[in-house]
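Colleague: Thanks for making time for this. Could you take me through the model step by step?

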Amino acid sequence: MADSNATKNALAASMKKLMRKKPFEKISVSDICEDCGINRKSFYYHFRDKYDLVNWIFYVGFIGELDVNSYGSGWDMYSDMCKYFYREKEFYNAALKIEGQNSFKDYLIETVSPLAEFFLKDILPHNEDDSFVVAFVTDALLTSLVRWLSDGYGREIGAEEYIAKIKDISMQIGSMAPVR
């Protein structure tokens, strides 16, 4: 088991290193294996493809360490998630640009959506169409996260400032009268 984790971690480190140098679509499994001195057979023993490796990096780095019950509020969890993404900004900025059927964005939505329900219970009043609200707000937060990580707001914004802005916006939305 320890040897298996060492191999996976070596492959992950190589993927992160290579993604700093070139676009994901230009990275081959052979490049990853060559960089860390592991053969292709070992790669395919642990991962289906390079997309699976990117998803594993997120799962182990954030989701696997997450203890939802340890959070006092959804804001605390969202804050930790933003801080994690900011620490790994270069990697996730590249990962979120992956397009296609196996994109990291799709995996992120699938993985984070159940967590969004926990997060959103602190922000939004419950109504008869919670699934629509969760999907809508999750999409908005993901789009904002992508823009934030790519410095798409015109300047670099640190994690604390970004979280404060999101909280402020949610307070403003929460205080609006319903549109009829």
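Colleague: Let me begin with one residue: is Glu-161 buried, exposed or partly exposed?

Modeller: Bear in mind that this is a predicted model. Buried would need a relative accessible area under 20%, and exposed one over 50%. Glu-161 has 31% relative accessibility, so Glu-161 counts as partly exposed.

Colleague: Which residue forms a salt bridge with Glu-161?

Modeller: The partner lies in helix H9 together with Glu-161, 4 residues apart, about one turn of the helix. The partner counts as partly exposed too, at 38% relative accessibility. The closest N and O atoms of the pair are 3.9 Å apart, and the partner is Lys-165.

Colleague: Happy with that one. How many salt bridges does the count come to?

Modeller: A pair is counted when a side-chain nitrogen of Lys or Arg is within 4 Å of a carboxyl oxygen of Asp or Glu. Lys-89, Asp-151 and Glu-156 are even linked in a network of such bridges. By this rule the count comes to 9 salt bridges.

Colleague: In the salt bridge between Asp-35 and Lys-17, how many residues apart are the two?

Modeller: Their side chains meet at 3.0 Å, N to O. Asp-35 is partly exposed at 28% relative accessibility, and Lys-17 is partly exposed at 31%. The pair links distant parts of the chain, with Asp-35 in helix H2 and Lys-17 in helix H1, and the two are 18 residues apart.

Colleague: And for Asp-52, which residue does its side chain meet in a salt bridge?

Modeller: Asp-52 counts as buried, at 16% relative accessibility. Its partner, by contrast, is exposed, with a relative accessible area of 64%. The N to O distance is 3.7 Å, and the partner is Arg-48.

Colleague: Let us step back to the fold. What pattern does the chain follow along the sequence?

Modeller: The chain has 9 helices and 0 strands. Of the contacts with a separation of 6 or more, 60% are between residues 24 or more positions apart. Read along the sequence, the pattern is α-α-α-α-α-α-α-α-α.

Colleague: What share of the residues is buried?

Modeller: For the outside, the accessible surface comes to about 10700 Å², and 51% of that belongs to carbon and sulfur atoms. For the inside, the chain has 180 residues, and the buried share is 41%.

Colleague: Which helix gives the most residues to the largest nonpolar core?

Modeller: This core has 54 residues, and those touching the most other members are Met-15, Leu-53, Val-54, Phe-58, Tyr-92, Phe-104 and Leu-108. Two or more residues come from each of H1, H2, H4, H5, H6, H7, H8 and H9. With 8 residues, the one that gives the most is H8.

Colleague: Leaving aside neighbours within four places in sequence, which residues is Leu-53 in contact with?

Modeller: Leu-53 is one of the core residues that touch the most other members. With its sequence neighbours left out, the contacts of Leu-53 are Leu-11, Ala-12, Met-15, Ile-32, Phe-43 and Phe-47.

Colleague: Now a residue in H8: is Ser-144 buried or exposed?

Modeller: Ser-144 is found in helix H8. Not counting residues up to four places away, Ser-144 touches Tyr-153, Tyr-162 and Ile-166. Its relative accessibility is 11%, which is under the 20% limit, so Ser-144 counts as buried.

Colleague: On to the aromatic rings. Why is the pair of Phe-58 and Tyr-107 called edge-to-face?

Modeller: The count comes to 20 aromatic pairs. In this pair the ring centres are 6.4 Å apart. Planes over 60 degrees apart count as edge-to-face, and here they stand at 90°, so the pair is edge-to-face.

Colleague: Which residues form one aromatic cluster with Phe-58 and Tyr-107?

Modeller: Phe-58 in H4 and Tyr-107 in H7 are 49 residues apart, and both are buried. Phe-85 and Tyr-92 make another edge-to-face pair, with 4.7 Å between centres and 80° between planes. Besides Phe-58 and Tyr-107, the cluster holds Phe-62, Tyr-84, Phe-85, Phe-91, Tyr-92 and Phe-104.

Colleague: Last one: which ring does the charged end of Lys-16 sit over?

Modeller: There is a comparable arrangement at Lys-50, whose charged end sits over the ring of Phe-24, 4.4 Å from its centre. For Lys-16 the distance to the ring centre is 5.7 Å, and the ring is that of Phe-91.

How values were computed: Residues are numbered from 1 along each chain as its sequence is written. This is a predicted model: local features need pLDDT of at least 70, side-chain atom pairs count only at pLDDT 80 or more; totals for chains, interfaces and linings use all residues. Side-chain values use heavy atoms; hydrogens and water are left out. Buried means under 20% relative accessible area, exposed over 50%, partly exposed in between (1.4 Å probe, protein chains only). Contact means heavy atoms within 4.5 Å. Accessible areas come from the Shrake-Rupley method with a 1.4 Å probe; for residues, only the protein chains shown count as cover. Rings of Phe, Tyr and Trp (its six-membered ring) pair if their centres lie within 6.5 Å; planes under 30 degrees apart count as stacked, over 60 as edge-to-face and the rest as tilted. A charge sits over a ring if NZ of Lys or CZ of Arg is within 6 Å of the ring centre and within 35 degrees of the ring normal. A nonpolar core is a set of buried Ala, Val, Leu, Ile, Met, Phe, Trp, Tyr and Cys residues joined through side-chain atoms within 4.5 Å.
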